[in-house]
Amino acid sequence: MTEENQTEVEVKKQEKDPKLLKQDHDFVVPGDKIVTSIEYLPGRNCFRDGESVYSKRLGIVSVENHVLSVVPLAGVYNPMMGDMIIGEVEDVHTSGWFINIDTPNSAYLPLSGVRGFIRSGTDLAKIYNVGDLIYAKVISCTRQGISVSMQDPRARKLFGGKVLNISPVKVPRLIGRQGSMISLIKRKTGCNVIVGQNGVVWIQGEKDTLVTEVVNKIDREAHIEGLTDRVEKFLEANLPKGFVPKEEPKNEFDAPSEGNYENKGDDSDAY
Amino acid sequence: MILRNQYLVDIALTGKRLDERKADEFRKIIIEKSPLEKPEGSALVKIGTTQVMAGVKLDVKEPFPDAQNEGILMVGAELSPLASPEFERGPPTEDAIELARVVDRTIRESHAIDLEKLCITEGEKVWMVNVDLHILDNGGNLVDASCLAATAALMNAKLPKYEDGKVVWGEKTNKKVPLVCKPLTVTHVKIGQNLFADPTEDEESVATAKVMIGTKDDGNICAMQKGGGDGFTFQELEKIFEKSVELGKQLRKQL
Amino acid sequence: MKRLDGRKPDEIRPIVMQAGVLKRAKGSAIVKLGRTTAIAGVYGPRKLHSKHQQDSNKAILKVTYNMVPFSTDERVRPGPSRRSTEISKVIREALESAICLEEFPKAVIEVQIDILQAEASTRVAALNAASIALADAGIPMKDLVSSCTAGKIEDTYILDVAGKEEDVTFCDLPVAYMPREKKITLLQMDGDLPVKDVKNVIQLAIKGCETLYERQKQALKEKWVGDLEDTAKALGLSNISGGKD
């Protein structure tokens, strides 16, 4: 779900192949046969049985250079290495934190995934406590579990703000091609908006109610063409005339506000 | 135990079995008739290492409102914790309930017991036949062993004395429970693409699907139940039906 | 031959299938076969709290079949019964092989089914509803599972045994079927029939499953494509763009 979708490579309209039982953009349910031909490869959410390729999710077919995949219309977040996600600290252990990222199993943030020096014997709850919200990077996801890390320039603890949950399958549309959609929203409203690949959206700023409406609109209309234009018009219609954001929203890539854990306070109070 | 699982699958895929039986061969069956005195009928059935004790208790009850002139049949099963480390005491588990209900269905649907003959006074008093299955040792294929035990116990069950509206416990009459046929089940499991009759516990643990077929003396099918996550194709079922009827005939001879 | 309720031998009662009828559940569906009404909701895959039930290789599937107290002529006592426990088990086993459980180790997928009105073949209606609800929840599956009963009255094989027919049929045989893999995943039978007849009854039931399979797909399409088209229409557009803009 990461690069392939975030950047959304421009796809040329392909000639319809009569061999395809389901064409590009067609609706499929699990078990639907898409093609009987070894010329096509099964991609995401598809599988091969014998010579045929079938869908295994409810969604919309996507044909790209003889690779068949299904863009799901529903389902839970499927973590991928490199994804940036928003999670809530669920439990503090002796050597790390368990983070709820809205997947069947919690993610783990080990001590080694935190920036800075942490003295031994530190109360880890002083770094991240239960209930804290973090923007973190998925560094590994295996069948054994998911690990996240704060060792990324974008990663940070999120203070205040409003949290929304959208369907994870709609996240690529909210971010837009090379971040176009999210930049548009941030630029127009002056709000700080961070989108986790897991469908959690964090909004902070004066116009957060409007942003909430826009995000819900995208969640609803994600698969209908001309989304960016509609969102732009919607924003213009709903913002006061001549509205100029007080300050430019922070870029996601800005250095984090958390400092180094070393040399903070005296010994007894040190992390 | 853990390492053996893959080995079991591997040899099952070649169509062989760990105990060198043929795919459609039952283990050695021992049927002990009336091993107990207290119940009106009882039987101990051993299929290989599996041991099931069946007891039949009779009592006089009021008939069900929708069957005023018919006796009542009840089948219960308990997976005793002494039979397997996986069994626990407490309310009946899903497996115990399924076991009891499959045996119940096989006996009921085959009309093996002439329930009308168990009526004492229409609408007031009828005999109630309680068949309780107690699993003593789980070596696999509990359903076939249980059904065999239930039928064997019913065959030798005798009605207790009934006088002045009361059952006189301990005094059995010569009247038997009216049995018109001998219903039995035959279980097959599927491992890979191969089918095996009378699975052992190990085979059951690696099987992906299981099907129990209840048959009667005349070769008719009277109950079926599929278990396990996988499915069967129609062709596989055709083969299973044929084998089940044939194996049922062989089993019936041992009763 | 005309049947007691006027149907043809191979005719199923009026079918109503609708996906996405509940808001809170991840996926849901309602299925009506004549008066028999089943509603199913799916939660998960989500965390399985009890550690000893977890499977490190795959998700576990939990199915609960429940009769609502007012679903029959005589009030049903609430709570699990021997019958509902058994039906929950066979429904679970009918669905298990269709779902890609291995994609969610240690998790649980829960399917809750309530029978709102019971008039024969409740397990079949329940299973059809559960299958739609699972797909509606976006759970990866290798196939949908369809289910239908068949039986035999006198010399006629009948599809979808219902109502008074239950008292006169020689057998009541529910089947669940995965149409793509051609596998039978639920098979039960009450009755007394020779092998030849049993085979014919199964084949008729499979035919019924195939009919219901098309209706299940249609129900999902109606919900998802219908939704998209409605929104698009409201916006004065006609195209659904899939994953691309």
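Two strands pair if DSSP finds at least two bridges between them. Strands themselves are DSSP runs of type E with at least two residues, while helices are runs of H or I with at least four, and both are numbered from the N terminus. Strand S9 (residues 184–191) of chain B and strand S11 (residues 209–215) of chain B fit this rule: seven bridges join them, and they run antiparallel. Within S11(B), B:Val211 stands opposite B:His188.

This is a predicted model, in which local features need pLDDT of at least 70, side-chain atom pairs count only at pLDDT 80 or more, and totals for chains, interfaces and linings use all residues. Residues are numbered from 1 along each chain as its sequence is written, and chains are lettered from A and ligands numbered from 1 in the order in which they are written.

**A sheet across two chains**

Which strands make up the open sheet of eight strands? The order is S10(B)-S9(B)-S11(B)-S12(B)-S9(C)-S8(C)-S6(C)-S7(C), with antiparallel pairing. Its edge strands are strand S10 (194–197) of chain B and strand S7 (156–159) of chain C, and each pairs on one side only. From one strand to the next, the twist averages 20 degrees. Axes here are lines fitted to C-alpha atoms, for helices over the stretch in contact, and angles run from 0 to 180 degrees between N-to-C directions.

Helix H1 (residues 82–96) of chain C packs on the sheet. This helix touches strand S12 (221–227) of chain B, plus strand S8 (171–178) and strand S9 (183–193) of chain C. The direction of H1(C) makes about 140 degrees with that of S9(C).

S12(B) and S9(C) pair in the antiparallel sense over four bridges. In S9(C), C:Asp190 stands opposite B:Ala223.

**Where chains meet**

Two residues are in contact if their C-beta atoms, placed from the backbone, lie within 7 Å. Chain B puts 30 residues in contact with 27 residues of chain C. On the chain B side, helix H2 (94–109), S12 and helix H5 (234–253) each supply at least two residues. S12(B) gives the most, with seven residues.

Chain A also meets chain C, with 32 residues from chain A and 38 residues from chain C. On the chain A side, H5(A) provides the largest share, three residues.

The table sorts these sides by class. Ala, Val, Leu, Ile, Met, Phe, Trp, Tyr, Cys and Pro count as nonpolar, Asp, Glu, Lys and Arg as charged, and the others, Gly among them, as polar.

| Side | Nonpolar | Polar | Charged |
|---|---|---|---|
| Chain A, touching chain C | 15 residues | nine residues | eight residues |
| Chain B, touching chain C | eleven residues | ten residues | nine residues |

**The nonpolar core**

A nonpolar core is a set of buried Ala, Val, Leu, Ile, Met, Phe, Trp, Tyr and Cys residues joined through C-beta atoms within 7 Å. Buried means that 20 or more other C-beta atoms lie within 10 Å of a residue's own, with C-beta atoms placed from the backbone; exposed means 12 or fewer, and partly exposed is in between.

The largest nonpolar core holds 205 residues. B:Ala149, B:Ala150, C:Ala126, C:Ala129, C:Ala130 and C:Val175 touch the most other members. Helix H4 (residues 195–234) of chain C gives this core its largest share, twelve residues.

What does C:Ala129 touch, not counting residues up to four places away in sequence? The list is C:Ala29, C:Ile30, C:Val31, C:Ala38, C:Ile39, C:Ala40 and C:Ile113.
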